[in-house]
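Hi everyone, and thanks for making time for this one. I'd like to walk you through a single model, starting from the inside and working outwards. Let me put it up on the screen.

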Amino acid sequence: ALENAHEAGAPVLVGGLEKASWPKGHFDAILLLGTIVNIRDLDRHLRRFRELLKPGGLLIFNHPDADAPVFKYLYRSRSWMFAPSVNCFLSRRGCAAALERAGFALTSSRRDMQRPSLQKLLHHARLGALLGPLKGLENASLPLPLTIPGVRLVKARSLPT
C-alpha cells in the first residue's frame with residue numbers, strides 16, 4: 001500500500017499520528033477500515049482525529065461489534081482472527097460514548113457491506129484450499145456486496161469546538 005501511495009504521488013505518514021505535523025482542521029474526512037480496533041489509546045486518537053478534521057468533517061470506520069453473536073462465539077473460541085493485534089472491542093453503545101467524549105456526533109452505524117475478493121472470502125472461511133482449482137480467479141470480487149457478520153460501519157461528524 002505504501003508503494004502504491006508513493007507511485008500515485010499521495011502524501012504518506014509513516015509512524016505514529018502524534019508525530020504528524022498537519023495543522024488543525026486540515027482534513028474533510030478520515031477513513032479507517034480494519035484499523036480502529038488496533039489503536040492502543042482509542043480516546044486519545046479519536047480526539048486527535050477530531051482535531052485534524054474541519055468542523056463538520058467526517059470520520060468513517062468499521063469495527064467488530066462486541067455485542068454481535070458471531071464475535072462472542074469467535075472470541076470465546078479464541079479465534080486466530082483477533083490475536084494478537086486487537087487492542088479494543090467496541091459495542092455499539094461503547095462506540096457512541098467514545099465518539100461523544102471525543103467531540104463527534106454519531107450520524108450512522110449500520111452493518112458493513114463489502115465486496116471481498118474470492119481469496120479473502122475463502123481465507124476467512126478457512127477454505128483456502130479451494131483456491132487451487134479456482135486459479136486465476138483469486139482476485140476477482142463478488143458481483144454483489146455481502147453483509148460482513150458482526151461488523152459495523154460507523155460515520156460520525158466532528159462537532160465545532
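Let's begin in the middle. The largest nonpolar core has 21 residues, and the members that touch the most others are Ile36, Leu46, Phe49, Leu59, Phe61, Leu99 and Phe104. Contributions of at least two residues each come from S1, H2, S2, H4 and S4. Helix H2 is the top contributor to this core, with four residues.

A quick word of caution before I go on: what you see is a predicted model.

If you want one residue to click on, try Leu99. Setting aside neighbours within four places in sequence, Leu99 is in contact with Leu46, Leu59, Phe61, Phe104, Leu106, Val154 and Ala156.

Now let's step back for the overall layout. There are five helices and four strands in the protein. Reading from the N terminus, the order is α-β-α-β-α-α-β-α-β. Of its 161 residues, 33% count as buried. Among contacts with a separation of 6 or more, 80% are between residues 24 or more positions apart. As for the outside, the protein exposes about 10500 Å², and 57% of that comes from carbon and sulfur atoms.

Next, the strands. How do S1 and S2 pair, parallel or antiparallel? They run in the parallel sense, with five bridges between them. As a landmark, Leu31 stands opposite Ile60 in S2. To get from S1 to S2, the chain passes through helix H2, residues 42-52, and this β-α-β crossover is right-handed.

Strand S2 also pairs with strand S4, residues 146-158, this time in the antiparallel sense over seven bridges. Here the landmark is His63, whose bridge partner in S4 is Arg152. So how enclosed is S2 by the rest of the structure? Largely enclosed, because nine of its 12 residues are buried.

Since H2 has come up twice, let's look at its buried side. Its buried residues are Leu42, His45, Leu46, Arg48, Phe49, Arg50 and Leu52. I'd point out that His45, Arg48 and Arg50 are on that list along with the leucines and the phenylalanine. The cover over these buried residues includes S1, S2, H4, strand S3 and S4.

That brings us to the charged pairs. As a reminder, side chains of opposite charge can pair when their charged atoms come close. How many salt bridges does the structure hold? Five, and I'll show you three of them.

The first one on my tour joins the side chains of Asp28 and Lys54, at 3.1 Å from N to O. This pair ties together distant parts of the chain, with Asp28 in strand S1 (residues 27-32) and Lys54 in strand S2 (residues 53-64), 26 residues apart. Asp28 has a relative accessibility of 52%, so it counts as exposed, the cut-off for that being over 50%. Its partner Lys54, at 34%, is partly exposed.

Next on the tour is Arg92 with Asp65, where the closest N and O atoms are 3.4 Å apart. Again the pair links distant parts of the chain: Arg92 sits in helix H4 (residues 92-101), Asp65 lies in the loop between S2 and helix H3 (69-76), and 27 residues separate them. Is Asp65 buried or exposed? Asp65 is buried, with a relative accessible area of 5%. Arg92, on the other hand, counts as partly exposed at 47%.

The last of my three is the salt bridge between the side chains of Asp41 and Arg44, at 3.3 Å from N to O. Asp41 is partly exposed, with a relative accessible area of 32%, and Arg44 is partly exposed too, at 36%.

One more stop, back in helix H4, where we find Ala96. Ala96 is partly exposed, with a relative accessible area of 27%. From Ala96 to Ser108 is 12 residues in sequence and 9.9 Å in space, C-alpha to C-alpha.

To wrap up, here are the two things I'd keep in mind. One is the 21-residue nonpolar core, to which H2 gives the most. The other is strand S2, which pairs in the parallel sense with S1 and in the antiparallel sense with S4. Thanks for listening, and I'm happy to turn the model around for anyone who wants another look.

Key. Residues are numbered from 1 along each chain as its sequence is written. This is a predicted model: local features need pLDDT of at least 70, side-chain atom pairs count only at pLDDT 80 or more; totals for chains, interfaces and linings use all residues. Side-chain values use heavy atoms; hydrogens and water are left out. A salt bridge is a side-chain nitrogen of Lys or Arg within 4 Å of a carboxyl oxygen of Asp or Glu. Buried means under 20% relative accessible area, exposed over 50%, partly exposed in between (1.4 Å probe, protein chains only). Two strands pair if DSSP finds at least two bridges between them. A crossover is right-handed if, with the strands pointing away from the viewer, the path from the first strand over the helix to the second runs clockwise. Contact means heavy atoms within 4.5 Å. Accessible areas come from the Shrake-Rupley method with a 1.4 Å probe; for residues, only the protein chains shown count as cover. A nonpolar core is a set of buried Ala, Val, Leu, Ile, Met, Phe, Trp, Tyr and Cys residues joined through side-chain atoms within 4.5 Å.
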